[in-house]
Amino acid sequence: MTDAPTLTAPPAQTGRARLSTLDRWLPAWIGIAMVAGLVLGRFIPGLSDLLSRMEVGGISVPIGLGLLVMMYPVLAKVRYDRVASVTGDKRLLISSLVLNWLVGPAVMFTLAWIFLADLPEYRTGLIIVGLARCIAMVVIWNDLACGDREAAAVLIAINSVFQVVASSLLGYFYLTILPGWLGLDTAGLDISMGQIALNVLVFLGVPLAAGFASRAIGERTKGRDWYEEKFLPVIGPWALCGLLFTIVLLFALQGEAVTSQPLDVARIALPLLVYFALMWSVGIVAGKVLDLGYAKSTTLAFTAAGNNFELAIAVAIGTFGATSGQALAGVVGPLIEVPVLVALVYVTLWVGRRWFHIDPYQTLPQK
């Protein structure tokens with residue numbers, strides 16, 4: 001993807017014109033969804049237990065459906081004929097791997113020990129969140145911030161492969177080996193490679209295959225103009241609807257734990273806030289320094305900052321139990337990640353205009 005053209009219209013006006021009503025009020029919708037989930041989980045007896053029982057292979061069926069609905073429209077927008085050009089950008093691929101699998105886990109490990117040294121269960125849960133690199137919601141934040149869709153698809157796929165291969169090894173290293181070297185407390189973690197692979201298959205493989213098939217069949221039968229001007233606008237709102245549905249269910253799952261332990265939630269939230277802001281900042285600065293352009297820098301920043309909270313929660317519950325402190329730390333992850341990354345979408349758009357000197361909406365691919 002080439003660098004975006006310079007501004008030809010007032011940036012604020014252009015941005016507002018391109019945002020739909022649903023997108024423009026996204027922070028409010030997400031806030032309402034979070035509150036609704038917490039209220040449902042807190043005041044409807046047995047709801048969280050019911051959601052916990054609706055699992056197949058360790059995956060919550062309702063949450064899985066919400067994530068599939070959320071991811072499909074964004075992956076259906078990807079122009080897969082441009083993916084080859086993304087894989088050829090070694091600067092983007094190498095910087096993404098370094099940020100996701102070297103910098104990210106190390107930063108979360110450090111922050112967990114700095115802020116939660118006296119709370120081992122929450123500390124372990126936070127480290128698990130840092131090991132679960134993002135493969136799902138990043139497509140939403142990247143799309144809202146006008147990042148490179150094709151680059152996001154490639155980086156998510158690469159992260160998925162690394163997740164299956166590296167998560168259990170990194171878990172052992174950061175929870176057992178490294179603390180032992182540093183004279184700190186150690187904690188065991190038994191992560192099933194099959195469970196990780198199943199999560200990747202469901203949360204990425206299914207919507208990716210559906211998105212690819214939709215574009216291939218739609219363009220072959222109706223043409224690209226029909227596909228992008230008629231079909232995509234119809235399915236587009238599904239992504240944010242799926243996101244809101246998923247948020248309601250996630251917060252309903254442990255609504256009682258979150259609302260009954262506000263001080264613990266605050267303790268867990270602080271290092272998460274630092275983590276998301278720091279990783280996004282490192283990603284956007286790295287993109288600028290490497291001259292990747294606005295769209296790819298945005299994708300690099302959000303793939304570095306986001307985490308696969310659904311996998312982190314599944315691992316924490318499967319290893320330590322649904323009522324454990326580790327599971328609570330996993331649930332607090334999206335509690336902080338969702339509003340922070342929504343805010344960073346708007347910061348990214350501002351950075352595009354002020355620092356990259358372009359209108360982010362002009363980075364979108366043209367027909």
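**Group meeting talk: aromatic pairs, salt bridges and surface of a predicted model**

Let me begin with the rings: Phe 109, Trp 113, Phe 173, Tyr 174 and Trp 181 come together as one aromatic cluster. Before I go further, please keep in mind that what you see above is a predicted model, so I will say a few words about confidence and then come back to the side chains.

The mean pLDDT of the protein is 80, and 84% of its residues reach 70 or more. The part to treat with caution is residues 1-17, where pLDDT stays under 50, although the model has 28 contacts for this segment beyond four places in sequence. Where pLDDT is low, the predicted coordinates should not be read in detail.

As for the overall picture, the protein has 17 helices and 2 strands, and of its 367 residues 55% are buried. If we take the contacts between residues at least 6 apart in sequence, 84% of them join residues at least 24 apart. The protein exposes about 15,000 Å², and 69% of that area is supplied by carbon and sulfur atoms.

Now back to the rings, since the structure holds 10 aromatic pairs. One of them is formed by Tyr 72 and Trp 238, a tilted pair with 6.4 Å from centre to centre and 35° between the planes. This pair links distant parts of the chain, with Tyr 72 in helix α5 (residues 61-77) and Trp 238 in helix α12 (residues 224-253), 166 residues apart. The two partners can be described separately for accessibility: Tyr 72, at 14% relative accessibility, counts as buried, while Trp 238, at 41%, counts as partly exposed. A further pair belongs to Phe 173 and Tyr 174, whose ring centres are 5.0 Å apart and whose planes meet at 85°, so this pair is edge-to-face. Within it, Phe 173 counts as partly exposed at 26% relative accessibility, and Tyr 174 is buried, with a relative accessible area of 8%. Both of these residues are, as I said at the start, members of the aromatic cluster.

Let me turn to charge. Side chains of opposite charge can pair when their charged atoms come close. How many salt bridges does the structure hold? There are 8, and I would like to walk through three examples.

In the first example, Asp 143 forms a salt bridge with Lys 77, with 3.2 Å between the closest N and O atoms. Asp 143 lies in helix α9 (residues 138-144) and Lys 77 in helix α5, so the pair ties together parts that are 66 residues apart in sequence. Asp 143 and Lys 77 are both buried.

The other two examples share a residue, Arg 215, which lies in helix α11 (residues 193-221). Is Arg 215 buried or exposed? At 4% relative accessibility, Arg 215 counts as buried, because the cut-off for that label is under 20%. Leaving aside residues up to four places away in sequence, Arg 215 touches a set of neighbours including Lys 77, Tyr 80, Tyr 227 and Leu 232. Within its own helix, Arg 215 forms a salt bridge with Glu 219, the closest N and O atoms being 2.5 Å apart. Glu 219 and Arg 215 are 4 residues apart in helix α11, and are therefore separated by about one helical turn. Glu 219 counts as partly exposed, at 23% relative accessibility.

The side chain of Arg 215 also meets that of Glu 228 in a salt bridge, at 3.2 Å from N to O. Here the pair links distant parts of the chain, with Arg 215 in helix α11 and Glu 228 in helix α12, 13 residues apart. Both Arg 215 and Glu 228 are buried. Taken together, Arg 215, Glu 219, Arg 224 and Glu 228 are joined into one network by salt bridges that share partners.

I will finish at the surface. Leu 50, Met 54, Val 56, Val 61 and Leu 65 form a nonpolar patch there, with about 420 Å² of accessible area together. Val 56, one of its members, sits in strand β1 (residues 55-56) and counts as exposed at 58% relative accessibility. Elsewhere, Asp 291 is found in the loop between α14 (262-289) and α15 (294-305), and Asp 291 is exposed, with a relative accessible area of 53%. Asp 291 and Leu 92 are 199 residues apart in sequence, yet their C-alpha atoms are 9.9 Å apart in space.

Key:
Residues are numbered from 1 along each chain as its sequence is written. Side-chain values use heavy atoms; hydrogens and water are left out. Patches are made of residues with over 30% relative accessible area and no salt bridge: like charges are joined within 9 Å, nonpolar side chains (Val, Leu, Ile, Met, Phe, Trp, Tyr) within 5 Å. Accessible areas come from the Shrake-Rupley method with a 1.4 Å probe; for residues, only the protein chains shown count as cover. A salt bridge is a side-chain nitrogen of Lys or Arg within 4 Å of a carboxyl oxygen of Asp or Glu. Buried means under 20% relative accessible area, exposed over 50%, partly exposed in between (1.4 Å probe, protein chains only). Contact means heavy atoms within 4.5 Å. pLDDT is the predictor's confidence in each residue, from 0 to 100. Rings of Phe, Tyr and Trp (its six-membered ring) pair if their centres lie within 6.5 Å; planes under 30 degrees apart count as stacked, over 60 as edge-to-face and the rest as tilted.
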